[in-house]
Each structure stands twice: as structure tokens, then as C-alpha cells.
Amino acid sequence: MGKAEKERLNQILSSYINSIHETFQLLDETATSSLEKVSWEEVVKMGDQVSKQATIVGMIWVGEKPEVKAIEENMETYFNTLQGFLLISHGSKVGAGPTLSSYIHASVKQIVDSCFKLMMETVSSYGSRKVDFKLVVPQLAGAVWEACSALKKTPSTNITAIGRSMTQVAVSVKDVLREMKELKPAPSNMTDEALDGSSPQEEIGLPGDDNLSDDDLGNDLSPEEMKVAQSGAGVVSETVAVLKELIRTITGLLKQEKPNDTGDFVDALEKLLKLSQEISEQIDELGASLYPPQEIPAIKAALEKISSITGEMLAIVESFKSVSETFLQACTGLKSSIKQMEAELDSSYTSDIEAKMQNVALSN
């Protein structure tokens, strides 16, 4: 009897999950303007209902073995509530741009995934003699509560969502700067040994330092490479300044003009965010290329793209009614830093060629 009951519960659960999957696909589509706009407050309220249903599921398993009928009724109420939550969430996407839509999609998916895990564990635990499920199910119910609670922290407007994403980009670039500052020059004795082409440790087959870790290998730079790395850190530092001033500029405009959450202004912000993300990708490329052996062509390509993207960002900001002087200065500082690094690369490349030609002449 227990096996048949469990099989029936699995069939019912599978049917509900398939239905929810179909409804969830709505969130991949753009909500048409003909739909009624649902406020994010309504989505949060419906999320609270999903959370309450998760609480009921957890309570069912605290006592003795639940009846099959109780589980079936609970599943029906639970998934109907989840279905309603998905439909309301889709309604909240009316007028949402790509950035806000991605935040809504991620928050809703987290709730759906946690709900699935909870109900799947509930059904799979039915008839089990193990006592662990009495601990596991409440924990999974707790995951649903957390996911529903996170809705309150989800951006509810296009401008807020774009602002948060821009801040994340700035933090990411700042992390690259921190890593670049950890690059260090090779010890002078190692530099001399490298010029000779050998070292005492190599001659007797022993490692140079028993305390070296894998993370230390390949991070030491020659004096020429160190100069390039320092110039690169300068470029990244100036990039952080540009992103910070961009965020300040947008914040200042919001305080002055109180623009609508749709229209040309939001479209411009979406473009600025995309450009910020592109510049972050180039900063990643630049940072990776500074590790020895340094890739000069890749570094130059990244610098060229960063300069071009900065110009595009500047053109958009200049189209606003008021332009921040500090943002203009930050862009000028970045372009100046890029030119300085390009000059450093040309000088380093020329010196490297001359040194190789001299070695060839000496060997002959």
C-alpha cells in the first residue's frame, strides 16, 4: 500500500512541476504593454503567501507520518499559490528593461527552485523510516522563506536595477586593481640568474625555495614587466574613477530631474551599463595579460578598446541636460593614463628587440 501511495504522490508532483515549468517560461517573454502593470509590492505580498505554504509543509512533517490525503491537499494549495505568484511576477515586468527583467527572473527562479526541492523531498521522504527527513524538510522550508524574503531586496524599478548593476561592475574592476597591486618584482638575484640562463638550484636539481606555493609561481616580474604592470594599475585605477563618477553623475541627475522609469533616459542608462560591462571585460583581459610572460599585443588591444568605450560613454553623458565636470575630468585622466601606458609598451618593446638583437650579435 505504501509503495502505491508514494507512486501516486510522485505522479501528482510531476504533473504540478510540469505545469509550473510551462508558466515560468512566461518570464522569458517580454510583458506586453496591454497587460496591467503589477506593483512590486503585490509580488512581495504573494511571495509571503508562498512562504506561508512552505511553513505548513514543514509543520506537517514535525509530527507523525502525514496522511497521503493531507499531502495531496497541501500540494494542490501550494502549487496553486506558486502558479499565482508566477503570473503576478510576469505582470510586474510590464515596462521593465533588460536589467530589471533579469533581476526579477533571478529572484523568481530562486523561489521556484527552492519550492521544487521542498516538495520533492516531501514526497521522496514519504514512508521512509529515517528520522533525518524531519530535519531536512524544515531546512528546505527555510530556504523557501529566505528566497521569498529576498524579494524585498530585489530592485523594483529600471533605474534602481541599472544603478545596482553599475555598482557591481565598479566593484569588479576594483577587485582587478587589488590583484594587480599584488604583482611583485622578481628578486634581484633571480633576475641576474635569468640573464645568465641558469641558477645554482637548477644545477644541483633542487627547488629554490621550499616555501614557494603554486600561487607564487609565474607572478614575479622583471623590472621592465613591473613598469608595464604599474602602468596597467594606473589605467585600472583611472577606470574605477570613471565608473564612480558615472554613478555619481546619474545619481545627481535623478535628484535634479526625477525622470520617468521608462523612455529615452532609461534607454541611455541601459547603454551606459552595457558599456560599463564591456569596459570591465577589457579590464579583465588587461589584468590577465600582465602576468608573465606579458602579452603585449593583447594589452594594446585592451587599451584601444577601453579608450573607444570611454569615448562612447562620454558621448552619451554629454547628451544629458547637465554634465558633471568631475566625470569629464575622470575620462580625461583615463585617456591620459592609457596613452602613458601605450608609450611604456612601445619603449619596453623596443628595448626588448634591441636586447635580443645584441644577444644574437654576441653569439655570432
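Select A298 to begin: this residue belongs to helix α11, where helices (H or I, at least four residues) and strands (E, at least two) are DSSP runs numbered from the N terminus. A298 has a relative accessibility of 26% and therefore counts as partly exposed; buried means under 20% relative accessible area, exposed over 50%, and partly exposed in between, with a 1.4 Å probe and protein chains only. Add E285 to the selection and display the C-alpha atoms: A298 and E285 lie 7.6 Å apart by C-alpha positions, with their places 13 residues apart in sequence.

The model on display is predicted, so local features need pLDDT of at least 70 and side-chain atom pairs count only at pLDDT 80 or more, while totals for chains, interfaces and linings use all residues. Residues are numbered from 1 along each chain as its sequence is written, and side-chain values use heavy atoms, with hydrogens and water left out.

**The whole chain**

Return to the full view and colour by secondary structure. Twelve helices and two strands make up the secondary structure of the chain, and their order along the sequence is α-α-α-α-α-α-β-α-α-β-α-α-α-α. The chain has 364 residues, of which 41% count as buried. Switch to a surface: about 20400 Å² of the chain is exposed, and 52% of that comes from carbon and sulfur atoms. Accessible areas come from the Shrake-Rupley method with a 1.4 Å probe, and for residues only the protein chains shown count as cover. For contacts (heavy atoms within 4.5 Å) with a separation of 6 or more, 86% are between residues 24 or more positions apart.

**The aromatic pairs**

Select the aromatic side chains next. A search of the whole structure gives three aromatic pairs; rings of Phe, Tyr and Trp (its six-membered ring) pair if their centres lie within 6.5 Å, with planes under 30 degrees apart counted as stacked, over 60 as edge-to-face and the rest as tilted.

Centre on Y16 and F79. Their ring centres are 5.0 Å apart and their planes meet at 10°, so this pair is stacked. Y16 sits in helix α1 (residues 2–24) and F79 in helix α3 (residues 68–91), so the pair links distant parts of the chain, 63 residues apart. F79 is buried, at 2% relative accessibility. Adding Y78 to the selection completes one aromatic cluster of Y16, Y78 and F79.

Move to F265 and F320. Here the ring centres are 5.6 Å apart and the planes are at 50°, so the pair is tilted. F265 lies in helix α10 (residues 264–289), whereas F320 is in the loop between α11 (296–318) and α12 (325–363); the pair links distant parts of the chain, 55 residues apart. Both partners are buried: F265 has 15% relative accessibility, and F320 has 12%.

**Along helix α3**

Go back to helix α3 and select H90, which is part of that helix. H90 is buried, with a relative accessibility of 9%. Leaving aside residues up to four places away in sequence, H90 touches L26, L27, E29, A31 and L35.

N80 is also in helix α3. Its relative accessibility is 47%, so N80 counts as partly exposed. Select V50 together with N80: the two are 30 residues apart along the chain, and their C-alpha atoms are 9.5 Å apart.

**T154 and its surroundings**

Select T154, in the loop between α5 (133–149) and α6 (158–181). T154 is buried, at a relative accessible area of 9%. Display the residues that T154 touches, not counting those up to four places away in sequence: W40, Y103, S107 and R164.

Show the side chains of T154 and S107, which are joined by a polar contact of 2.8 Å. A polar contact is a pair of N or O atoms within 3.5 Å; within protein, one must be able to donate a hydrogen and the other to accept it, and residues adjacent in sequence count only if both atoms are side-chain atoms.

Then look at R164 and Y103. R164 lies over the face of Y103, 5.9 Å from the ring centre; a charge sits over a ring if NZ of Lys or CZ of Arg is within 6 Å of the ring centre and within 35 degrees of the ring normal.

**The cysteines**

Finish by selecting the cysteine sulfur atoms. With a disulfide taken as a pair of cysteine sulfur atoms within 2.5 Å, the count is zero. C115 is in no disulfide, and the nearest cysteine sulfur, that of C148, is 6.1 Å away. C115 is buried, with a relative accessible area of 0%, and C331 is buried at 2% relative accessibility.
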